[in-house]
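Let's take a walk through a protein model together, stopping at a few helices, loops and chain contacts. Keep the 3D view open as you read.

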Amino acid sequence: MSEVNIVVGLSGVGKSTVIEEAMLLSDEDYEVINYGDRMIEVAKEEGLVEHRDDMKKLDTDTYKRIQRTAAESIVEDSEDQDVLVDTHAAIKSPFGYIPGLPKWTVANLKPSKIIILDASAEEIYSRSTSDEGRSREHDSVEEIDEYRKVAREMAAAGSVLTGAYLQIIKNSDGRAERAAEKLVETLRS
Amino acid sequence: MSEVNIVVGLSGVGKSTVIEEAMLLSDEDYEVINYGDRMIEVAKEEGLVEHRDDMKKLDTDTYKRIQRTAAESIVEDSEDQDVLVDTHAAIKSPFGYIPGLPKWTVANLKPSKIIILDASAEEIYSRSTSDEGRSREHDSVEEIDEYRKVAREMAAAGSVLTGAYLQIIKNSDGRAERAAEKLVETLRS
Amino acid sequence: MSEVNIVVGLSGVGKSTVIEEAMLLSDEDYEVINYGDRMIEVAKEEGLVEHRDDMKKLDTDTYKRIQRTAAESIVEDSEDQDVLVDTHAAIKSPFGYIPGLPKWTVANLKPSKIIILDASAEEIYSRSTSDEGRSREHDSVEEIDEYRKVAREMAAAGSVLTGAYLQIIKNSDGRAERAAEKLVETLRS
C-alpha cells in the first residue's frame with residue numbers, strides 16, 4: 001500500500017530546503033528521489049552519457065525513453081517504500097517549456113498527490129538574484145509569472161490524467177518551516 | 001442523439017439556483033443529475049456507506065471505482081434523455097484539490113459541453129460569508145482566486161481530452177436570470 | 001526525421017504575418033499547413049461541403065471525424081518534409097471554446113513543439129478594432145484575456161499529452177520581425 005507523491009516547484013522556490021526540513025519533521029519514512037538524477041543514472045547505465053551535461057545532447061526520442069524508464073524504476077522503488085519524487089512540472093528552455101510530467105511519465109508514476117511548492121514571482125526573483133555564486137536563473141518577474149502559470153497548468157493536466165490530488169503550498173520568505181509542516185500534513189493524509 | 005452536458009462551479013457561485021432557473025426557462029427536458037448524489041447512491045447499493053458522511057472514509061481506490069461506476073450509470077441514463085450533470089471541476093480539500101472530472105470520468109461521460117459557472121472571487125467570498133446558517137466555505141478572496149484558476153485549468157484539460165466545448169458563464173450579483181438564459185442558449189445549440 | 005510543429009494564436013495576434021516573415025528568414029523549408037483549410041479540403045473531397053461556411057453545418061461527430069482525418073493527412077505530409085501547422089488552441093464560439101487541439105488531433109500530430117503567438121489583450125483588442133474592413137473579432141479586453149488564458153491552458157494540456165515543447169512568443173506592436181526571428185530560432189532547435 002505504499003504510494004508515490006510528486007513535489008514540483010520552480011528553481012528558486014526553495015524546494016530542496018522544504019523537502020529536507022519536511023523529512024526531518026515527518027514520523028514516516030520516504031525515499032526522496034530526484035527525477036533528474038534518476039534519469040542520469042538510467043542514461044549512464046545504458047552507456048549513453050558520462051556526465052550530467054551530456055543529457056542535453058540526447059535526441060528527443062532517446063530523452064523521452066530515458067524519462068519513461070526512470071519512471072518505471074521509481075515505480076519499482078515504491079513497491080517497498082513510500083516515495084517522494086522531486087521534479088518539475090515544466091522546465092524552461094530557450095525553445096520552450098518542456099513538460100516535466102508528460103502523460104507517459106505521470107501515468108506510470110500514478111501519484112497519490114502532486115504538490116506544487118510556490119512563492120510569489122517577486123520572491124522567486126529576489127532569491128534567484130541574491131545568490132552571487134549562481135548565474136541568474138530568471139530574467140524578470142514577468143517571465144517568472146508566466147513560468148509559474150505554465151507549470152501549474154501542466155501539473156493540473158497531470159492531476160486530471162491520474163486523479164492525483166493537486167496541492168499548492170506557499171513557501172513565503174522566512175516561513176520555510178511552515179511550508180515543511182504543510183508538506184508533512186499533506187503527505188500524511 | 002441525446003447528450004451529456006456538465007455544469008461545474010465553485011460552492012458559492014450560485015450553481016443550483018442558475019440550473020433550476022434554466023430548467024424553468026428551457027423548452028427542452030433534461031435529467032439533472034448531481035454527480036455527488038449519484039456516487040452516494042452507487043456506494044449505498046454496494047453496501048459501502050450508509051450516510052453521505054461515510055463517503056470520506058472510503059479509501060482512494062474504492063472512491064475512484066465508485067466515481068467511474070457513477071459515470072457509467074449517468075451514461076446509461078443519457079441513452080433515453082439529455083442529461084445535465086451538476087458537479088465540480090475541482091474539489092478543495094485540506095490535502096489538495098481533488099479533480100472532479102478526472103480522465104476516466106470525463107472520458108466515460110463524453111460530454112458535449114463543459115460549462116463553468118463563474119463569478120468574481122469577491123462575489124463568491126461575500127456570498128459564502130453572508131449566509132449565517134452555513135459554515136464559511138472559503139477563507140479568503142486570494143484563495144478563491146487560486147481555486148477558480150485550478151478549476152478552470154482542470155476543466156480545460158477535460159475539454160482537450162474529450163473535445164467538449166468549454167463554456168464560461170458569469171453569474172454576477174443580481175443577474176442569475178441572465179446566467180440562466182445563457183445556460184439555456186448554450187445547451188440548446 | 002522530419003517533424004511537425006504547431007503554431008497557435010488568437011485572431012488579431014498577427015500569426016499569418018509572423019509565420020510569413022519567419023519563412024522568409026529561415027534557411028530551412030517547411031510546408032505551412034493551415035489546419036482549417038485542410039479540414040475543408042478533406043470535407044470537400046468527401047462531398048460533405050461546398051464552401052467554407054458549410055463547415056458550421058456539420059454535426060459534431062462528423063466535424064470531429066474530419067478533424068481527425070485532417071490530422072492524419074498532415075502526418076502523411078510530414079513524412080517528406082518538416083511541417084508547420086497554423087491553427088488555434090481554442091476557437092471561441094457563442095456556445096463555448098472549441099478545443100482546436102483535442103486529444104485525438106494532437107496525439108496524431110505528435111508535435112515537437114507547440115508555439116503560442118501571444119500579445120497583450122490590449123494590443124489584440126486595438127488590432128481587431130482598427131481594421132475597418134473586418135467585423136470586430138473581440139468584444140472587450142476582459143474577454144480577450146479570458147480567451148488567452150483558456151487557449152494557453154488547452155495548449156499546455158496538449159503539451160502534457162504529447163511531450164511537445166510549449167513555447168510562448170510575444171508579438172508586441174511594431175516588433176513582428178523580432179517575433180519571426182524567435183520563431184525561426186525555436187523551429188531550428
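A good first stop is a single lysine. A:K110 is partly exposed, because 14 other C-beta atoms lie within 10 Å, and the cut-offs are 20 or more for buried and 12 or fewer for exposed. Please keep in mind that this is a predicted model. You can find A:K110 in the loop between α4 (103-109) and β6 (113-118) of chain A. Its backbone is worth a look too: phi of A:K110 is near 40 degrees, a positive value in a residue that is not glycine.

Now look at chain B. B:K110 sits in the loop between α4 (103-109) and β6 (113-118) of chain B. B:K110 is not a glycine, yet its phi is positive, at about 40 degrees. Is B:K110 buried or exposed? It counts as partly exposed, because it has 14 C-beta neighbours inside 10 Å.

**Two helices that cross inside chain A**

Next, find helix α1 (residues 15-25) and helix α7 (residues 176-188) of chain A. Their axes come within 8 Å and cross at roughly 60 degrees. That angle is why α1(A) is described as oblique to α7(A). The crossing of these helices, α1(A) and α7(A), is right-handed.

Which residues of α1(A) meet α7(A)? They are A:T17, A:V18, A:E21, A:A22 and A:L25. Facing them from α7(A) are A:A176, A:E177, A:A179, A:A180, A:E181, A:L183 and A:V184. Sorted by class, this contact has 8 nonpolar, 1 polar and 3 charged residues.

One of these residues deserves a closer look. A:E177 lies in helix α7 of chain A, and it counts as partly exposed because it has 13 C-beta neighbours inside 10 Å. A:E177 and A:E21 are 156 residues apart along the chain, while their C-alpha atoms are separated by 7.0 Å.

**Helices with buried residues**

Over in chain C, turn to helix α1 (residues 15-25). Its residues C:K15, C:V18, C:I19 and C:A22 are buried. Why do these residues lie on the same side of α1(C)? They cover an arc of only 100 degrees around the axis, so they share that side. An α-helix has 3.6 residues a turn, so residues three or four places apart point the same way.

What do the buried residues of α1(C) pack against? Their partners are β1 (4-8), β2 (31-34), β3 (83-87), β6 (113-118) and α7 (176-188) of chain C.

Chain B offers another example in helix α2 (residues 35-45). Here B:Y35, B:R38, B:M39, B:I40, B:V42 and B:A43 are buried. The cover over the buried residues of α2(B) includes β2 (31-34), α3 and β3 (83-87) of chain B. After α2(B) comes B:G47, with a positive phi near 70 degrees.

**Where the chains meet**

Chain A touches both chain B and chain C, and the table sets out each partner's side of the contact.

| Partner of chain A | Residues in contact | Top contributor on the partner's side | Classes on the partner's side |
|---|---|---|---|
| Chain B | 16 residues of B with 16 residues of A | α6(B), 6 residues | 9 nonpolar, 3 polar, 4 charged residues |
| Chain C | 16 residues of C with 16 residues of A | α6(C), 7 residues | 7 nonpolar, 6 polar, 3 charged residues |

On the side of chain B that touches chain A, α3 (60-77), β5 (96-99) and α6 (141-162) each supply at least two residues. On the side of chain C that touches chain A, α6 (141-162) and β7 (165-170) each supply at least two residues.

To finish, zoom in on one helix pair between chains A and C. Helix α6 (residues 141-162) of chain A packs with α6(C) at an angle of about 60 degrees, and their axes are 9 Å apart. That angle is why α6(A) counts as oblique to α6(C). The crossing of α6(A) and α6(C) is right-handed.

In this contact, α6(A) brings A:V150, A:E153, A:M154, A:A157 and A:G158. From α6(C) come C:R152, C:E153, C:A156, C:A157, C:S159 and C:V160. The residues of the contact of α6(A) with α6(C) divide into 6 nonpolar, 2 polar and 3 charged.

Notes
Residues are numbered from 1 along each chain as its sequence is written. Chains are lettered from A and ligands numbered from 1 in the order in which they are written. This is a predicted model: local features need pLDDT of at least 70, side-chain atom pairs count only at pLDDT 80 or more; totals for chains, interfaces and linings use all residues. Two residues are in contact if their C-beta atoms, placed from the backbone, lie within 7 Å. Ala, Val, Leu, Ile, Met, Phe, Trp, Tyr, Cys and Pro count as nonpolar, Asp, Glu, Lys and Arg as charged, and the others, Gly among them, as polar. Axes are lines fitted to C-alpha atoms, for helices over the stretch in contact, and angles run from 0 to 180 degrees between N-to-C directions. Angles under 35 degrees count as roughly parallel, over 145 as roughly antiparallel, 65 to 115 as roughly perpendicular and the rest as oblique. A crossing is left-handed if the near helix is turned anticlockwise from the far one by less than a right angle, and right-handed if clockwise. The arc is that of the directions from the helix axis to the C-beta atoms.
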